[in-house]
Amino acid sequence: MSLLLTLGRLSRRAEASRCAGCPVTLLRGFTHPPQLSTRRFASHVQPSLRPGQYRHRSWRQPPRSPRLASAGAGGLAAAAFVELSEKDNDGPRDTGEKRMLEVSRDEIKKKVSDSDTGLARIRHQIVLFLDIYIWEPICTGVRFLQLVTIFVPVILTVPAIWIGNRQPDRDNERTGTLWWYEFLVQAMEWAGPAFIKLGQWAASRSDVFPDELCAIMSKLHADAPAHSFHATKRIVRAAFGGRDFEDIFEEFDDKPLGVGAIAQVYRAKLKPDLAAPVDVDEDDTPEDLRRHVYRNVESVLKSSPKRVPSSYVAVKVLHPGVERTVRRDLRIMWFFATILNSIPTIEWLSLPDEVDQFGEMMKLQLDLRIEAANLSRFRKNFKERTTASFPFPYTEFCTRNVLIEEFAHGIPLADFMANGGGVFQQDIASEGLDAFLRMLLLDNFVHADLHPGNIMVRFYETERPSLRLRQAHDSHELHSDGDATEHVLSRLRPFRNDKEQWTAELNKIDREGFRPQLIFIDTGLVTELNETNRQNFLDLFRAVAEFDGYKAGHLMCERCRQPDAVLDKEVFALKMQHLVLGVKSRTLALGNVKIGDILQEVLNMVRQHHVRLEGDFVNVVISILLLEGIGRSLNPDVDLLSSSLPILRQLGAQSGKDMMKKGDFSMLMVWVGLETRRFMQASIEDVERCVKYDLLSPNV
C-alpha cells in the first residue's frame, strides 16, 4: 500500500509540474457549447464554396449531460487546432505544437463541471476524489506489478553483456550484449503500446544510446491486437454527432488496413452529401491573366500534377482506453527514472527530463485533431510545390479519437527501395530530398516520422496548359483522372516480387507520360524549432559555414541541455574542428559528400562526451540520416549538398537581405560555395565528355 501511495504522490507531482503554466486563456475565442455544430470553426479555414465544390452537411449534436469533464465533452473542433498551429509564437520557446498540446491536455483534466450545484456537485466531487486518490493509484499499482514480471528477467540477465566475443561488424559489441538487446526489445513488445513507442523513440536517440541498440530497436514493431469493430462504430458515430453508421459511409472495410500501438486505420467511402470529391485546394476567386499565365508556364516547365482528390477516405481510430494505459505507464516510467537519476554515473542522462520529453511525444499522438492540424499546415506549405503532397483532412469530422482524411492511393516507398525505381529512380530520390529540405530550411515545419512506410509513391498525368482565361472544373474529368491514377498503381502491384517485370512496367508507365509524386502520411509528429533553438541552429550553421569547427564544438557544449555534465569540452571542440576540416577538403574535391556519415560521427562524439542536445536537434539530424539513406538506396549518386542548392537560392531571395543587414553572411557563403562547386563539377564533366567522345579534335 505504501508503494501505491508513493506512486500516487509522485504521479500527481509530475502532472502538476507539467501542467503548471498551461495557457488556459488560449481557449478563449475557440471554445463553444458542446451542443453546437463545429461548422463555425470550419468557416475559418474554408472559403465560400462554388456549386458542386466540397461541402459538409451540418447537423445539431445531441446535448451532453453535465458530468465530469472527459475527452470529447465540449472539445474544440479540429479547425480550431489549425488556427492554434498557425498562430504567431508568443515567446522564444513557444511553438504551434506546444500550444495545441497544452490546450488538448487542459481539455481532459478531470474536474467537476461548473454547472453542477447542490447535492449533484457534492456527489461528483466525491467521485472525483475516489477516482484520483483511490482508483488511479490502485490501477497504477496493478500495472506496476504486471511490468515487474516482464522486466525483472531483463534486469537479472544484465551480466550477459560481458559474455561472448566481440563482433567487428556489429560495432564491436559482444555476442552477449547483442542477445541482451534483443531480449530487451522483446520485453518492450510484451509491455504494450507505451513501451513499444518508447523503444521506437529510443531508436532515434543515437546521441544517447549505442548504435547497435538503436538499430535493433528500430525494428520494433507494434504487433498490437485490433480492437473490435463494434468499438470502432461507436467511436466513429460519436464523431459524426450520433448519426447511424449506414448514413455516414457508402463503403467501409471492416478489416483494418493497419493496427498500431495507438490506433488502427480503415478504408472507407463517405456519403456524397457529406463530402463531394472535387479539388479542395483550388481557390474560389477568379484567376486574373497574370496568375493564369503563371500556372500554364508552371505546367510546362515543372510538369505540374493535376490535383485529383480521392473519393475514398482513411479512418484512423484510437484504441479504447489507450489514453489511460499510456498515462499510467508514463507515471511508472517517471517513478523509475527518478530513482535511476540518483545514480552518479548516469545522472548526465537526466532520465526524468527524457521521460517528460517522451511523454509529450506520446500525448501528441493521443489527440488526432493535432495530426489533422499538421496535415492542414503541410498542405498549405506545399500547395504551390510539385515535389510532394499530403492527404486532405476532413477537419469538421475529426475529433480527439477519430481522424478522417483523404485516402492516399499509392505504393509504399519500401517497394521501390526493394525493387528499384527504374526510369523514375532519380526523380523519386531527388523529390524526397527536395521536400525535406524545403520543410527544414524554408518552413521550419518538418515531418518527424520519416521512414519508407510513411512515404507513398503515386503516378499522375501532367497538367496541360489551357488557352482559356477561366477554366471550369469538369467533375467527369476529375473522376476519370482519379481512376487513371489508380489503374496505373493496379498495374504495378502484382509485380512487387518480380523485379524484372516491375522495371518493365515502370518503363511502360514512363512512355505513357505519367510522372511520380511522393505522398507523406502519418503526420502526428512534427519538428518545429522554437525561436531559441532556431537561433542556436543558425549560430551553429554559421560556424560550420565558416569551417570553424572549434567554435561549433564550443557552441554545442555551451548551449546543450546540461553544460556542466560535458566531459572534456576542449577535446570535443578539437574533434569537431578535425571533422569540419575533413568535410571542407572533401567538398572542394567535388566528390559526393555523405552528410549522413558525418552526422553519425557527430552523434557518436556527442554520446562519448555527454553533450545532451535538444530533442528537436536530434530529430532533424535523424531525419537527414533517414532521408539521405533512402535517397542513396534509390540513387547512389545522390548529393545532399547539390539538392540543397535550389532551396538556398529561394531562401536567399526571401530573407537574404535581412540576414545580411544583421551581419549574417553564412547562407551567402554556403550559397556561393555550392554554386562554385556546381560550376566546377559541370565544367569537369564537360571536359571528360569531350575527351571520351573525341570532340576536342575529332577525326576527319
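## Helices, strands and the overall picture

Helices (H or I, at least four residues) and strands (E, at least two) are DSSP runs, numbered from the N terminus. One spot to find with that in mind is Thr386, which sits in the loop between helix H13 (368–381) and strand S7 (388–389). This is a predicted model, where local features need pLDDT of at least 70 and side-chain atom pairs count only at pLDDT 80 or more, while totals for chains, interfaces and linings use all residues. Residues are numbered from 1 along each chain as its sequence is written, and side-chain values use heavy atoms, with hydrogens and water left out.

The protein has 24 helices and 13 strands. Of its 700 residues, 49% are buried; here buried means under 20% relative accessible area, exposed means over 50%, and partly exposed is in between (1.4 Å probe, protein chains only). Now take the contacts with a separation of 6 or more: 77% of them join residues 24 or more positions apart. A contact, by the way, means heavy atoms within 4.5 Å.

## Helix H7, tucked inside

Have a look at helix H7 (residues 193–203). Because 9 of its 11 residues are buried, H7 is largely enclosed by the rest of the structure. Among those buried residues are Phe195, Lys197, Leu198 and Trp201. What do the buried residues of H7 pack against? Their partners are H5, helix H6 (175–191), helix H8 (211–217), H11 and H12.

Met361 gives you a close-up from the H12 side, since this residue is found in helix H12. Met361 is buried, with a relative accessible area of 14%. Leaving out residues up to four places away in sequence, Met361 touches Lys197, Trp201 and Leu525. The C-alpha atoms of Met361 and Trp201 are separated by 8.9 Å, although the two residues are 160 residues apart along the chain.

## Where H4 crosses H12

Helix H12 (residues 351–365) also meets helix H4 (residues 96–107): their axes come within 10 Å and cross at roughly 75 degrees. Axes are lines fitted to C-alpha atoms, for helices over the stretch in contact, and angles run from 0 to 180 degrees between N-to-C directions. H4 and H12 are therefore roughly perpendicular to each other (under 35 degrees counts as roughly parallel, over 145 as roughly antiparallel, 65 to 115 as roughly perpendicular and the rest as oblique).

On the H4 side, the contact is made by Glu97, Leu101 and Arg105, and on the H12 side by Glu360, Lys363 and Leu364. These residues divide into 2 nonpolar, no polar and 4 charged. For that sorting, Ala, Val, Leu, Ile, Met, Phe, Trp, Tyr, Cys and Pro count as nonpolar, Asp, Glu, Lys and Arg as charged, and the others, Gly among them, as polar.

## Rings with rings, charges over rings

The structure holds 24 aromatic pairs. Rings of Phe, Tyr and Trp (its six-membered ring) pair if their centres lie within 6.5 Å; planes under 30 degrees apart count as stacked, over 60 as edge-to-face and the rest as tilted. One of the pairs is Phe144 with Phe336, which is stacked, at 5.5 Å centre to centre with 15 degrees between the planes. This pair links distant parts of the chain: Phe144 is in helix H5 (residues 118–156) and Phe336 in helix H11 (residues 322–340), 192 residues apart. Phe144 is buried at 10% relative accessible area, whereas Phe336 is partly exposed at 35%. Elsewhere, ring pairs link Phe229, Phe240, Phe245, Phe249, Phe252, Tyr266 and Phe397 into a cluster.

Charged side chains visit rings too. Arg267 lies over the face of Phe407, 5.0 Å from the ring centre, and the charged end of Arg385 sits over the ring of Phe382, 4.7 Å from its centre. A charge sits over a ring if NZ of Lys or CZ of Arg is within 6 Å of the ring centre and within 35 degrees of the ring normal.

## A few loop residues

Back to Thr386: buried or exposed? Thr386 counts as buried, at 17% relative accessibility. The C-alpha atoms of Thr386 and Gln517 are separated by 7.6 Å, with their positions 131 residues apart along the chain.

Two other loop residues have a positive phi without being glycine. Asn172, with a phi of about 60 degrees, is in the loop between strand S1 (166–167) and strand S2 (173–174) and is partly exposed at 40% relative accessibility. His610, with a phi near 60 degrees, is in the loop between helix H21 (595–608) and helix H22 (615–634) and is buried, with a relative accessible area of 17%.
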